[in-house]
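Grab a pen and open the viewer. Below are a few exercises, each followed by a worked solution.

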Amino acid sequence: MEREQWMFWRLAQLFIQELHYRLVRLNEDENEIWLEAERNKRIHFIRLISTNLDWSNWLKRDIEKTWEQAERLRKHLFKKELNVVNIYVTQHPPVDDYDWVIERPFMAGSGKTKVETVILARETAEDTFVRLGKHFEFAFPLSEMSFLESDHISLKEQVIHHAREQEREERALFEFGKPFFTYLFIAVQIFMFFLVEIKGGSTNVQTLIRFGAKYNPLILSGEWWRFFTPIFLHIGILHLIMNTLALFYLGTAVERIFGRLRFLWIYLFSGFTGSVASFLFTDNLSAGASGAIFGCFGALLYIGVMNTQLFFRTIGTNVLFLIGINLVFGFTVPGIDNAGHIGGLVGGFLATGVVHFPKKRKWATQFLFLVIAAIAVTLALYGGYHADRADVINARAKKQIENREFESAYDMLSQSISQGKGDAVTYFQLAYTEIQFHKMEDAKKHLQKAIELEPHFSEAHFNLALLYYDEGNLELAKEHAAKVEKVGDEQKFQDFIDKLEEQ
């Protein structure tokens with residue numbers, strides 16, 4: 001078997017060094033190797049085995065077992081189809097008739113996995129190499145293959161050394177940097193949580209707004225920094241704990257792979273795009289590092305796109321499972337800002353494409369990602385600032401009212417309500433413009449609608465109390481004044497209360 005051993009390792013060496021296959025498995029007896037293609041899109045795996053074939057029934061059973069292993073690989077790698085070339089290096093072919101076993105590729109079940117078998121025996125070696133050459137579009141050096149005195153131990157050592165170098169390079173991808181910014185961001189968000197708790201509570205809406213939560217009306221009025229500040233705020237202790245744990249595990253992994261500066265860019269850009277997506281698609285107040293954390297998922301997905309085989313061989317299945325679970329959770333549980341999550345995921349993927357991997361450059365690809373990211377952010381911001389939705393309409397109307405353009409504000413707000421797009425603030429502002437035009441009955445009706453939509457709308461209660469007071473209905477004026485919790489002009493409200501008490 002000296003010659004067969006040499007042939008076995010020489011074939012492995014050619015597949016690895018010349019045809020760019022990667023050794024993924026070597027059994028304990030060192031007579032069976034599985035190789036995975038890095039470039040060949042047609043033949044995904046090679047199973048190479050050195051053995052003495054005796055009977056065709058054993059060969060048939062072994063091919064079936066090979067197919068079962070290949071089918072498991074296909075499912076693990078999420079491949080639509082998987083092709084395997086199964087090569088037996090043997091001194092002699094089976095003693096009985098075996099052509100019926102190998103004349104067609106073996107397929108079972110759905111037929112998505114196919115195993116084609118080749119027998120490399122002494123008496124058929126030359127024909128077999130010609131056949132393999134057609135399969136792999138490679139001219140196997142037949143004269144060299146017939147050289148029998150070469151040391152197969154040396155060949156084996158070369159193959160294993162090359163495989164270890166490949167493994168070392170792949171491991172180095174996951175160990176490029178040491179985390180720093182991950183721990184800094186964790187410290188910052190914990191510090192901010194306790195600061196917000198001390199200053200009014202992390203579940204208090206007004207406190208969250210004061211500390212920089214994403215709040216569309218204030219973003220529309222010019223407070224652009226609210227695209228960034230929500231990354232470091234959290235609503236409640238459970239929200240903080242969940243995001244801190246996620247950042248600890250995901251952030252450290254991404255920072256190790258891409259290095260500190262790349263991670264800083266990916267994390268902040270993802271948090272920004274998460275806030276922008278939330279601004280574009282929802283008018284709810286929001287805060288949290290979830291968008292930036294989903295950006296870390298996006299960075300890991302970039303590995304999957306650039307190196308699909310490595311991705312699924314290492315972290316791919318777990319990453320896809322976690323993304324799926326989080327998105328399903330976000331769509332089924334109320335109150336979760338799924339737009340921010342998806343925006344962060346996309347932002348993280350694009351941000352990673354802009355910087356690529358450490359010590360590697362793909363300038364054309366990186367420039368393309370930069371252009372796509374710039375266009376996506378520009379369109380999202382334009383849509384957010386110019387969308388035909390209640391919070392955007394309200395922001396425009398507020399500016400018109402401040403400029404005393406009451407007629408323009410009245411027309412815009414009336415149209416918004418007639419189209420069914422108004423919210424409590426829309427009705428409140430419309431009532432304010434109606435008061436300027438002395439349409440008191442319309443103003444009362446719209447203030448009542450604002451309160452119906454938002455029962456604790458203090459400014460609406462106050463204005464309605466003023467209208468009832470002016471028409472002499474003191475009972476209703478006192479009723480609505482009692483429901484006022486806080487208004488912008490405290491002195492004006494106090495003067496009004498004093499007047500009511502004098503009546």
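Contact here means heavy atoms within 4.5 Å. This is a predicted model, where local features need pLDDT of at least 70, side-chain atom pairs count only at pLDDT 80 or more, and totals for chains, interfaces and linings use all residues. Residues are numbered from 1 along each chain as its sequence is written, and side-chain values use heavy atoms, with hydrogens and water left out.

**Exercise 1.** Work out where threonine 51 is found and whether threonine 51 counts as buried or exposed.

Solution. Start with the elements: helices (H or I, at least four residues) and strands (E, at least two) are DSSP runs, numbered from the N terminus. Threonine 51 is in the loop between strand E3 (45–50) and helix H2 (56–76). Next, the cut-offs: buried is under 20% relative accessible area, exposed is over 50%, and partly exposed is in between (1.4 Å probe, protein chains only). Threonine 51 has 17% relative accessibility, so it counts as buried. Finally, leaving out residues up to four places away in sequence, threonine 51 touches Trp58, Tyr88, Val89 and Thr90.

**Exercise 2.** Describe how E1 and E2 pair, then place them in the sheet.

Solution. Two strands pair if DSSP finds at least two bridges between them. Strand E1 (residues 21–26) and strand E2 (residues 32–37) are antiparallel, with 5 bridges. Tyrosine 21 sits opposite alanine 37 in E2. The E1 and E2 hairpin has 5 residues between the strands, and there glutamate 30 takes a positive phi near 60 degrees. Now zoom out: the open sheet has 5 strands in the order E1-E2-E3-E4-E5, with mixed pairing. E1 and strand E5 (113–120) are at the edges with a single partner strand each, so one side of each has no neighbour in the sheet.

**Exercise 3.** Which strands does H2 lie across, and which does H4 lie across?

Solution. For the angles, axes are lines fitted to C-alpha atoms (for helices, over the stretch in contact), and angles run from 0 to 180 degrees between N-to-C directions. H2 lies across E1, E2, E3, strand E4 (82–89) and E5, at about 140 degrees to E5. Helix H4 (residues 125–136) lies across E1, E3, E4 and E5, at about 150 degrees to E5.

**Exercise 4.** Is isoleucine 241 buried or partly exposed?

Solution. First find isoleucine 241 in helix H10. Its relative accessible area is 41%, so isoleucine 241 is partly exposed.
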